[in-house]
Amino acid sequence: MAPDLSSPAKAPKLQARGVWKTFGHGTARTVALQDVDLDIADNAFVTLVGASGCGKSTLLRTLAGLEHRSAGDLRCDGQPIDGPGRERAMVFQHYSLYPWLNVLDNIRFSRQLATHTRDRTDADVEAASGRADALLRLMGLAHVARAYPSQLSGGMQQRVAIARALMSRPQVLLMDEPFGALDAQTREVMHDLILHVHRLERTTIVFVTHDVEEALYLGHQVVLMAPRPGRIDSIHPVPLPALRTQDMKLAPAFTALKRTLLERIRATSGMQTDTELLARLSRAGSIDLAR
Ligand SMILES: Nc1ncnc2c1ncn2[C@@H]1O[C@H](COP(=O)(O)OP(=O)(O)OP(=O)(O)O)[C@@H](O)[C@H]1O
Ligand SMILES: [Mg+2]
């Protein structure tokens, strides 16, 4: 049958082909990314998990253009990624807010930087303040608009950082363990908030985490990475409806995939070998005791 040319497959939003990243030389050389191939669809929510040092942050920073790849091809909307771009915003674990600016000014700051003062029109200023107000409401920050970062909880500071990243309407949001420093209850609230933001803003999100449960609850797809050398081990579609609710964490499909991913992370990180070694050592210990 002739292929249907009227509906060509949509090009991925982000695409990596044969991407390598190495740090250092000679004996100090580290392969942080080995031959990474990855397609991330427009409006996808993709989570990256894996043992410490498997290259999650390096992959994210390379997608952000903050790190230059050593080899391979990396594209956003078909255009090569050769540095940071306004269509890709990054949110870090540590909120990196400006302590001397209040919440509203922190959110508006990146937009002000992007438009040169002389070129800024009244319409620009009005559009920016409308967007900032909408983001304040979306993130539940309207009541603290004039507060300074030091007066806010960690969860609130991270909401400000996310609002600031969203200010220039990025198409891609790259998040590196953004909720890693928050307590469990605040994280749950932030999970539902970021899912809401994703639905509303239709942003493509790439989200790095250590936490398999977080990766499964948020992601449409979980990319599992492995260390030494840093590489993609496997990609897992998440068998849950797009509209997530906290009770889905108890669904058999959720718990089964969680177990599979945890076992795989343990296996790829060499942690299993350590457990075997421990078992051997304790067996050896019991022989000694028996003597
Ligand atoms: N600037 C750098 N210089 C040298 N080596 C680096 C640099 N950045 C990362 N690496 C190395 O690259 C590898 C991947 O690091 P990366 O930070 O991407 O891992 P990660 O998966 O994000 O780890 P974690 O879960 O601990 O944050 C590690 O071995 C790390 O030591
Ligand atoms: Mg990291």
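Val-222 stands opposite His-236 in β10, a convenient place to enter this predicted model. Local features are described where pLDDT is at least 70 and side-chain atom pairs where it is 80 or more, while totals for chains, interfaces and linings use all residues. Residues are numbered from 1 along each chain as its sequence is written, with chains lettered from A and ligands numbered from 1 in the order in which they are written.

The pair Val-222 and His-236 belongs to the antiparallel pairing of β9 with β10, which extends over six bridges. Strands here are DSSP runs of E with at least two residues, helices are runs of H or I with at least four, and both are numbered from the N terminus; two strands pair if DSSP finds at least two bridges between them. Together, six strands make an open sheet of mixed pairing, in the order β6-β7-β8-β3-β9-β10. The edges are taken by β6 (88–91) and β10, each of which has a single partner strand, so one side of each lacks a neighbour in the sheet. From one strand to the next, the twist averages 20 degrees, with axes fitted as lines to C-alpha atoms and angles running from 0 to 180 degrees between N-to-C directions.

Within this sheet, β8 (residues 204–208) runs parallel to β3, joined by four bridges, and Leu-48 is found opposite Val-208 of β8. Strand β7 (residues 172–176) also pairs with β8 in the parallel sense, over five bridges, and here Leu-174 has Val-206 as its bridge partner. Five of the five residues of β8 are buried, that is, each has 20 or more other C-beta atoms within 10 Å of its own (exposed means 12 or fewer, partly exposed in between, with C-beta atoms placed from the backbone). Both faces of the strand are covered, with Thr-204, Val-206 and Val-208 on one side and Ile-205 and Phe-207 on the other. Helix α5 (residues 184–201) joins β7 and β8 in a right-handed β-α-β unit; right-handed means that, with the strands pointing away from the viewer, the path from the first strand over the helix to the second runs clockwise.

Helix α7 (residues 252–269) contains 18 residues and reaches 26 Å from its first C-alpha to its last, close to the 26 Å expected, which is 1.5 Å times one less than the number of residues. Its buried residues are Leu-257, Leu-261, Ile-265 and Thr-268. These cover an arc of only 75 degrees around the axis, which puts them on the same side of α7; the arc is taken from the directions from the helix axis to the C-beta atoms. An α-helix has 3.6 residues a turn, so residues three or four places apart point the same way. Exposed on the other side of α7 are Pro-252, Ala-256, Arg-259 and Glu-263. The cover over the buried residues includes β3 (45–50), α6 (212–218), β9 (221–226) and β10 (231–237), a contact being two C-beta atoms, placed from the backbone, within 7 Å. Gly-270 follows the helix with a positive phi near 85 degrees.

Some backbone details deserve a look too. Most residues other than glycine have a negative phi, and most peptide bonds are trans. In the loop between β9 and β10, Arg-228 has a positive phi near 50 degrees and is joined to Pro-229 by a cis peptide bond with omega about -5 degrees. Arg-228 is partly exposed, with 15 other C-beta atoms within 10 Å. Arg-169, in the loop between α4 (154–166) and β7, likewise has a positive phi, of about 50 degrees, and is exposed, with 12 other C-beta atoms within 10 Å.
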